[in-house]
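Okay, let me pull up the model on the screen. Give it a second to load and then I'll walk you through two parts.

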Amino acid sequence: MTLLLAGDIGGTKTILRLVETSDSPALRTIYQESYHSADFPDLVPIVQQFLAKANTPIPEKACFAIAGPIVKNTAKLTNLIWFLDTERLQQELGIPHISLINDFAAVGYGILGLQTQDLHTLQVGKSQPEAPIGIIGAGTGLGQGFLIKQGNNYQVFPSEGGHADFAPRNEIEFQLLKYLLGKHDIQRISVERVVSGMGIVAIYQFLRDRKFATESPEIAQIVRTWEQEAGQEEKSVDPGAAIGTAALQGSDRLSEQTLQLFIDAYGAEAGNLALKLLPYGGLYIAGGIAPKILPLIQNSGFLLNFTQKGRMRRLLEEIPVYVILNSQVGLIGAALCAARL
């Protein structure tokens, strides 16, 4: 038996999981705990507290998924003063082998450990086991990546595809582009500014300011509170979640229009990624937003916009498309990555 430590390290929350592996490919969870990241000066005391409470031997290997770029085995978290270095972590924690990986790369590894119940199939397609696997996930930002099979394993490649240009396809999307360029006084708009949590709010503001529909007092108050708190690290409200809930309930026309435009753009960008990768191993929709608005994704134009690529339509109709329902896919991926060290 081998003890492994997996971590999902974010600016707000840190989740640690201790797992056990043997000759079987399955990983057995022994202990798991969640911590408020800002309560600690560094990752080391969190891990030390976690291992003391777990009351187990020191793990042989550890992998931490970080919300940010990894440069030469080091990482600086965006919303914390933490600076993580694998060599220092190994010395201070006494764990012989430690790896830091990007959080979206961890999602890529995590796909390999998902079960049937962790997925919702949007499009069955025609799966090809040796083909690439694609990942796209809207949450705080827009992550993209892919997996390529090499021998009996897959290698995971994160990308910065979410920062590619937003490509409007119709009059309302052209208006949205012009609105965002003027609002932010910038020269280009990335697709992440539209297809993400902040994108939901941006679309709402655009439709509100152009008077596409009347605001409800409840959502209007939440959005204005959020606007007044601009620049603050911690917000007291989550307008994206409120808009999504109102759209699901059908209680606010402006929120419904917002989610319709968001889902159309999400499906179109997923289709763009699929054209570049031809991921007949499956295209996986990750991120925190899709599972929360799944009924809207199922019943809206997501797949229509995904496949609406002219002569390439038939190719895209054969790509399996899944929504990841398991919110801890990144933690699963960190554990699987640790097992490979």
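I'll talk about one helix and then one sheet. Keep in mind that this is a predicted model.

So, the helix is α4, residues 171-184. It has 14 residues and reaches 20 Å from the first C-alpha to the last, close to the 20 Å you'd expect at 1.5 Å a residue. Which residues of α4 are buried? They are E173, L176, L177, Y179 and L180. Looking down the axis of α4, the buried residues fall within an arc of 165°, so they line one face of the helix. Flip to the other side of α4 and you find E171, K178 and G182 exposed. What do the buried residues pack against? That would be α5, at 197-209, and α8, at 253-277. Right after α4 comes D185, and its phi is positive, near 50°.

Okay, on to the sheet. It's an open one with six strands and mixed pairing, and the order goes β8-β13-β12-β9-β10-β11. At the edges you've got β8 (119-123) and β11 (153-159), each with a single partner strand, so one side of each has no neighbour in the sheet. Ignoring direction, neighbouring strands here are turned by 25° against each other on average.

Zooming in, β12 (residues 283-286) and β13 (residues 321-324) run parallel, joined by three bridges. Take L283: its bridge partner in β13 is V321.

And here's α8 again, the one that α4 packs against. α8 packs on the sheet too, touching β9 (133-138), β10 (142-150) and β12. The direction of α8 makes about 155° with that of β9.

Notes: Residues numbered from 1 in each chain as written. Predicted model: local features only at pLDDT ≥ 70, side-chain atom pairs only at ≥ 80, totals over all residues. Heavy atoms only, no water. Helix = DSSP H or I, 4+ residues; strand = E, 2+ residues; numbered from the N terminus. Expected span 1.5 Å × (residues − 1). Buried < 20%, exposed > 50% of the residue type's maximum accessible area, 1.4 Å probe, protein only. Arc of directions from axis to C-beta. Contact = heavy atoms within 4.5 Å. Pairing = 2+ DSSP bridges. Axes fitted to C-alpha atoms, helices over the stretch in contact; angles between N-to-C directions.
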